[in-house]
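Subject: Structure handover

Hi,

Here is the structure for you to load. My notes on it follow below.

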Amino acid sequence: MLKRQIIEPNDYRDAMARYAGHVQIATTALDGVRRGVTVTAACSVSDNPGTILVCLNHANPNNRIFVDAGVFALNTLTHAQEELASAFAGFGNLDVEARFALGEWDTISTGAPTLSDAAAVFDCRILEAKPVATHMVVIGEVVGLRVGAPGPALLYLDRGYRSL
Ligand SMILES: Cc1cc2nc3c(=O)[nH]c(=O)nc-3n(C[C@H](O)[C@H](O)[C@H](O)COP(=O)(O)O)c2cc1C
């Protein structure tokens, strides 16, 4: 029999703080409007065909553009890119273009902004977007890929940035 505990959101977050996540910036663009969001809730689904997922808060109306555009890129950060991670998490309240101005961006396949010196870039077309609780689980087929130079990764653990 399932012995269900009552899980408070704060307790859930305290437990998740023990989970080291690789910091990435999910980006998209539609009709000249760009958007980027710092995320740790992203992972590989399959290598054949290359498929990944990212979870985006759908309480934030600014995230609607991802599904509307039908494409996104996942830019995997190096330890040298903490400033970008903070800006795209909303710290400093920079406007969108000021956030993008902190890095060098290009495009690969879909037109979503891709970070030139990211550790890796996964450029995706959206296969499916499923609302679950507060978030939209967005699944993408990788249609463009870039592997960056090897080096230390930017992780988030115990509510702080770490280098590994
Ligand atoms: C380390 C870290 C990880 C985050 N992971 C996610 C995530 O996986 N999904 C998400 O929707 N928001 C995540 N956020 C929050 C968003 O980055 C933040 O709400 C958003 O960028 C604020 O956007 P706005 O100011 O452009 O509306 C994370 C924030 C930080 C600092």
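Cys55 is partly exposed, with a relative accessible area of 22%. Keep in mind that this is a predicted model. Cys55 takes part in no disulfide. Its nearest cysteine sulfur belongs to Cys43, 7.4 Å away. A disulfide needs the two sulfur atoms within 2.5 Å, so a pair at a distance of 7.4 Å does not count as one. Cys43 is likewise in no disulfide. Cys43 is also partly exposed, at a relative accessible area of 40%. Across the whole structure, the search finds zero disulfides.

**The seven-stranded sheet**

What is the strand order in the open sheet of seven strands? It runs E3-E2-E6-E9-E10-E5-E4, and the pairing is antiparallel. E3 (33–39) and E4 (42–47) are the edge strands. Each has a single partner strand, so one side of each has no neighbour in the sheet. On average, neighbouring strands of this sheet are turned by 30 degrees against each other, direction ignored.

Take the E4 edge. E4 and E5 (residues 50–57) run antiparallel and are joined by five bridges. Cys43 sits opposite Leu53 in E5.

Asp47 is also part of strand E4. Is Asp47 buried or exposed? It is exposed, with a relative accessible area of 72%. If you want a long distance for a check, use Asp47 and Leu94. They are 47 residues apart along the chain, and their C-alpha atoms are separated by 36 Å.

Now the other edge. Seven bridges join E3 to E2, and the two strands run antiparallel. Gln24 stands opposite Val39 in E3. The hairpin of E2 and E3 has two residues between the strands. In that hairpin, Asp31 takes a positive phi near 50 degrees.

On to strand E2 (residues 24–30). Five of its seven residues are buried, so E2 is largely enclosed by the rest of the structure. Besides E3, strand E2 pairs with E6 (residues 71–76). That pairing is antiparallel, over four bridges. Thr27 has Ala73 in E6 as its bridge partner.

**The three-stranded sheet**

There is also an open sheet of three strands, in the order E1-E11-E12. Its pairing is antiparallel. E1 (21–22) and E12 (160–163) are the edge strands, and each pairs on one side only. Two bridges join E1 to E11, which run antiparallel. Gly21 is opposite Tyr156 in E11.

**The largest pocket**

This part may matter for your own setup. The largest pocket holds about 1,500 Å³ of space. Its lining has 41 residues. Which of them lie nearest the centre? They are Met16, Val39, Thr40, Ala41 and His135. Val39 is the residue already mentioned opposite Gln24.

The elements giving two or more residues to this lining are:

- helix H1 (9–16)
- strands E3, E4 and E5
- helix H3 (82–88)
- strand E11 (154–157)

E3 gives the most, with five residues. By type, the lining of the largest pocket divides into 24 nonpolar, eleven polar and six charged residues.

**The cavity**

How many cavities of 30 Å³ or more does the search of the whole structure find? It finds one. The largest cavity holds about 30 Å³ of space. Arg35, Gly36, Phe88, Val96, Arg99 and Phe100 line it. E3 and helix H4 (96–100) are the elements that give two or more residues to this lining. H4 gives the most, with three residues. The lining of the cavity divides into three nonpolar, one polar and two charged residues.

**E3 in brief**

E3 turns up in several places above. E3 is an edge strand of the seven-stranded sheet. It gives the most residues to the lining of the largest pocket. It is also among the elements that give two or more residues to the lining of the largest cavity.

Best wishes

Definitions and conventions. Residues numbered from 1 in each chain as written. Predicted model: local features only at pLDDT ≥ 70, side-chain atom pairs only at ≥ 80, totals over all residues. Heavy atoms only, no water. Pairing = 2+ DSSP bridges. Axes fitted to C-alpha atoms, helices over the stretch in contact; angles between N-to-C directions. 1 Å grid on protein atoms, 1.4 Å probe; cavity = no way out; pocket = protein on both sides within 12 Å on 5 of 7 lines; lining within 4 Å. Points joined across faces, edges and corners; volume = space filled by probe spheres on them. Nonpolar A, V, L, I, M, F, W, Y, C, P; charged D, E, K, R; others polar. Buried < 20%, exposed > 50% of the residue type's maximum accessible area, 1.4 Å probe, protein only.
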